[in-house]
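Reader: I'm happier at the bench than in front of a structure viewer. Could you show me how to read helix packing, sheets and salt bridges?

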Amino acid sequence: MGNDYFIGYAEGNIVSILILLIILGNDWLHNTKQEKQIWFNRTIIAHILYFTSDIFWAAILGGQIPKIRVLIIFLNFTNYVLLSLMAFEWFMYMAVSEGMTFWKSKRNRIICRMPMTISILGIVIAYVIKPYYWISEAGELNDTYHLLHVAAPAVYLLVALGLSMRNASKAETREDKKIYRLIGIYPIAVLLFGILQILFLNSPAFCFGVTVMLLFFYIQSMQARISVDALTRLNNRGQINRYVDQLKYQDNVKIFVMLMDLDHFKQINDTYGHAEGDRALILAAEALKRTCERVRTPIFLGRYGGDEFTIILQNPEEKNHPEQLVDVIRENLAKKKEENQLPYALEASIGYEELQDEKDTMQECMMRADEKLYADKQSRRIKR
């Protein structure tokens, strides 16, 4: 294919490797220990190794490295293992990101690795039994090899896509649906860029396309770390403060602040342990998400800290006035208790207040809402 082919192809892979190294270095610099991010970093490492190996294969196709059969076998086998590993690592990242637990079982982990393991063993056994089946004496690849080359990766990517779409269809909130669909985009993109690579071999479409997708997901991940509470997946306190700072009184906009905290939360922690306390917070967050799904006007939902949550509504319809939402929230909390057969009550105290005029501030409005929350708690004789 010539020198120009090799230079263009190698440059594309090198640029992609440098971008992925920057992402990896930044993550190691911040020393993240999140399981989801660990799997994402493993995915990046697999991509870097694959792009590196692919440069040498491009050198053979371009004539910079002689077509030595042993080297061709080694590079193609390496590429296959790394391509399968890329798909497997992404599959695991998807499973962890979407809260699936099947992979925690040792038996299920073995099952998850089976497509990659079986296909690799198949290639090795075929080489041993019939050395020239996959690659001829002239160094030409068998057409069957190309199909096998994408078989295991396609299994992982298609299963990941199917699970993401299934989770999206079952998700209770628009935000969760969006997260699942975004994760499901990657397998589609990989398959699409792989097809483009096959159709336009002279263009490094695969490495560029896949790198852009990984960079996109990394940006999404960084944004989540900055603005999303890791436990409940709601906006965190910093994001709440940023949102509050930008809100001002307007004549034609009604702004309401609702504050909620769980009743007897300390007792839940003391009696059932902090893991169960975390579970109660997650279920409370899910109940709030379910409540907010019915609201069609601008709404902001966050975890202020501990067992305290914040809802900010703009121009709510009469049926979604905070007074009505209080009842809906309590109904959804009760449903969560029943659905999960909790041994304790999942209840909350709630206070709300409206931003009054131009002299009023969001901070003062939140303070008044907090006072009403405390009054609600006192009226129900619950210790704060």
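Author: Gladly; we will take helix pairs, then the sheet, then salt bridges. Keep in mind that this is a predicted model.

Reader: Let's begin with helices. At what angle do α2 and α3 pack, and how far apart are their axes?

Author: Two packed helices are described by the angle between their axes and the distance between the axes. Here, helix α2 (residues 35-62) packs against helix α3 (residues 69-97) at about 160°, and their axes are 8 Å apart. Angles over 145 degrees count as roughly antiparallel, so α2 is roughly antiparallel to α3. Their crossing is left-handed. As for the residues in the α2 and α3 contact, 20 are nonpolar, seven polar and five charged.

Reader: And how do α9 and α10 pack?

Author: Helix α9 (residues 265-272) meets α10 at an angle of about 140°, with 7 Å between the axes. That makes α9 oblique to α10. On the α9 side you will find Phe265, Ile268, Asn269 and Tyr272, which meet His274, Glu276, Gly277, Ala280 and Leu281 in α10. By class, this contact has five nonpolar, three polar and one charged residues.

Reader: Now the sheet. In what order do the four strands run, and is the pairing parallel or antiparallel?

Author: Strands of a sheet pair through backbone hydrogen bonds, either parallel or antiparallel. In this open sheet the order is β2-β3-β1-β4, with antiparallel pairing. Strands β2 (299-305) and β4 (348-354) are at the edges with a single partner each, so one side of each has no neighbour in the sheet. On average, neighbouring strands are turned by 20° against each other, direction ignored. To see one pair, look at β1 (residues 255-262) and β4, joined over seven antiparallel bridges; Asp261 stands opposite Ser349 in β4.

Reader: Which helices lie against these strands?

Author: One is helix α8 (residues 237-246), which packs on the sheet and touches β2 and β3 (308-314); its direction makes about 135° with that of β2. Another is helix α10 (residues 274-292), lying across β1, β2 and β3 and running at about 10° to β3.

Reader: Last topic: how many salt bridges are there in the whole structure?

Author: Side chains of opposite charge can pair when their charged atoms come close. A search of the whole structure finds 13 salt bridges. One of them joins Asp261 and Lys377, whose closest N and O atoms are 2.9 Å apart. Asp261 belongs to strand β1 and Lys377 to helix α12 (residues 362-379), so this pair ties together parts 116 residues apart in sequence.

Note on methods: Residues numbered from 1 in each chain as written. Predicted model: local features only at pLDDT ≥ 70, side-chain atom pairs only at ≥ 80, totals over all residues. Heavy atoms only, no water. Axes fitted to C-alpha atoms, helices over the stretch in contact; angles between N-to-C directions. Helix = DSSP H or I, 4+ residues; strand = E, 2+ residues; numbered from the N terminus. Parallel < 35°, antiparallel > 145°, perpendicular 65-115°, else oblique. Left-handed = near helix turned anticlockwise from the far one by under 90°. Nonpolar A, V, L, I, M, F, W, Y, C, P; charged D, E, K, R; others polar. Pairing = 2+ DSSP bridges. Contact = heavy atoms within 4.5 Å. Salt bridge = Lys/Arg side-chain N within 4 Å of Asp/Glu carboxyl O.
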